[in-house]
Amino acid sequence: MTIEHAISELQSLLGERLATSKSDRDIHGRSEVYYAPMPPDAVAYPETTEEVSALVKICAKHDCPVIPWGTGTSLEGHALALKGGVTVDFSRMAAMVEVNAEDMDVRVQPGITRMALNEELRATGLFFPVDPGANASIGGMAATRASGTTTVRYGTMADNVMGLEVVLADGRIIRTGSRARKTSAGYDLTHLFVGSEGTLGLITELTLKLQGQPEAISAGICAFPDMNSAVNCVMETIQMGLPMARIEFVDAATTEAFNAYSGRSMPALPHLLIEFNGSPAAVAEDANRFGEIVADHGGADFEWATKPEDRTALWQLRHDGYYAILASRKGCTAMSTDICVPISRLAEAVTQTQADIADSFIPGPILGHVGDGNFHAILMMDPDKPEELTEAKRLADRMVDRALKMGGTVTGEHGVGMGKMKYMTREHGDAWGVMADIKRSFDPQNILNPGKMVQVN
């Protein structure tokens with residue numbers, strides 16, 4: 001039994017929707033970061049759950065790896081075909097199946113992107129709040145337990161997925177969860193699959209919580225004299241209980257990259273970006289109180305944006321941060337690594353990371369969702385200089401050590417994929433072996449996204 005035999009059977013099942021061309025394979029073998037291309041042997045474009053089930057059964061019969069693919073925006077090599085096989089591209093399963101406006105929930109297929117979903121929801125007065133920055137697919141966001149700029153108020157994907165339809169490694173189709181807001185009925189399988197990175201099953205439908213579109217929104221940006229002042233401002237804001245919808249931090253190097261990439265003229269200093277949602281009176285009161293905290297920490301006057309187009313431009317600036325940073329060093333690639341620490345240790349973690357990077361011979365701008373203790377270093381490397389990759393890995397190791405010593409985690413939102421497997425024992429100890437046991441139970445042949453998340457052989 002071989003991958004070639006699986007591809008032959010899949011061609012009978014899917015016809016032209018099984019692609020083996022070099023262009024299709026190359027597109028699905030690339031990553032957003034520094035990993036070498038790892039193309040699959042074929043790319044499947046299913047249109048129904050039943051087709052996914054039949055596809056997986058064929059691949060199981062031939063011991064052929066199956067790799068799920070949303071939009072390919074993950075940062076730890078999650079969707080690379082490490083051992084070849086068939087990539088399952090969900091772009092043709094991208095429908096909004098059912099909206100239940102009165103119950104504030106929606107059923108969707110996995111290939112729909114977060115921006116497309118919110119566009120379809122616009123007329124209902126509801127929206128889906130999780131915003132990782134990239135226009136990622138909802139299925140991929142669930143598989144990686146994504147979060148992002150709005151996590152400080154609305155939570156991560158784990159908080160917003162109510163139920164799933166999943167195809168298991170033997171082709172069985174199961175449903176987990178329900179539209180009820182709570183349950184005590186058995187194991188919580190929904191949250192076992194959320195964050196499992198395609199290693200336990202392929203998500204083919206999701207039931208999501210929605211939120212009401214706020215009556216008023218105010219967003220702003222403010223410069224600080226140094227990193228410590230900005231991060232301490234964040235910590236005090238959280239401790240004061242101000243209900244922020246987003247609060248983001250960028251260092252001076254990132255600000256300079258913003259200016260060059262987007263034609264801005266911001267001072268080359270650390271900045272905070274913040275947003276408040278609610279009634280007009282509540283938003284105004286929260287913004288005024290936050291302004292007082294900013295002043296206490298030496299921040300400049302805020303540039304507020306209340307018009308939708310101005311807010312969109314502000315958050316697009318932040319969402320483009322990774323690409324702006326890459327553009328600041330022509331021809332470079334990057335290791336985008338993240339850690340998350342308790343809020344009380346955030347300033348210390350950021351300051352020590354900045355000091356490490358300042359002493360290094362590679363640049364590494366820092367930015368992040370500091371409202372929940374999560375920040376990123378974009379460690380830039382010349383792909384023709386292997387010593388720079390070695391240095392980036394050294395800096396990432398120090399970030400990980402720092403996070404674990406502070407009671408944090410090796411990744412707040414990027415996930416494990418290939419890139420952070422080496423840290424899992426350090427964070428989880430024997431519990432990582434338990435994760436491998438779960439993987440073996442669900443996927444004894446190890447065909448579902450092999451080489452990611454856990455080590456099973």
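How close do the axes of helix H9 and helix H11 come, and at what angle do they cross? I put this to a predicted model, and I note here what I looked up.

**Entry 1, the helix pair.** I find that the axes of H9 (residues 227-239) and H11 (residues 280-296) come within 9 Å and cross at roughly 140°. That angle makes H9 oblique to H11, since only angles over 145 degrees would count as roughly antiparallel. I recorded the crossing of H9 and H11 as right-handed. For the contact itself I listed Cys-233, Glu-236 and Thr-237 on the H9 side, and Phe-290, Ile-293 and Val-294 on the H11 side. Sorting the residues of this contact by character, I get four nonpolar, one polar and one charged.

**Entry 2, the sheet.** I then turned to an open sheet of five strands, whose order is E5-E6-E10-E8-E9 and whose pairing is antiparallel. Strand E5 (96-100) and strand E9 (173-177) stand at the edges with a single partner strand each, so one side of each has no neighbour in the sheet. On average, and ignoring direction, I find neighbouring strands of this sheet turned by 15° against each other. Following E5 to its partner, I see antiparallel pairing with strand E6 (residues 105-108) over four bridges, and Met-96 stands opposite Val-108 in E6.

**Entry 3, helices on the sheet.** I looked up which helices pack here, and noted that helix H3 (residues 49-61) touches strand E8 (161-167), E9 and strand E10 (202-209), its direction making about 50° with that of E8. Helix H4 (residues 114-121) also packs on the sheet, where it touches E5, E6 and E10, and its direction makes about 45° with that of E5.

Definitions and conventions
Residues are numbered from 1 along each chain as its sequence is written. This is a predicted model: local features need pLDDT of at least 70, side-chain atom pairs count only at pLDDT 80 or more; totals for chains, interfaces and linings use all residues. Side-chain values use heavy atoms; hydrogens and water are left out. Two strands pair if DSSP finds at least two bridges between them. Axes are lines fitted to C-alpha atoms, for helices over the stretch in contact, and angles run from 0 to 180 degrees between N-to-C directions. Contact means heavy atoms within 4.5 Å. Angles under 35 degrees count as roughly parallel, over 145 as roughly antiparallel, 65 to 115 as roughly perpendicular and the rest as oblique. A crossing is left-handed if the near helix is turned anticlockwise from the far one by less than a right angle, and right-handed if clockwise. Ala, Val, Leu, Ile, Met, Phe, Trp, Tyr, Cys and Pro count as nonpolar, Asp, Glu, Lys and Arg as charged, and the others, Gly among them, as polar.
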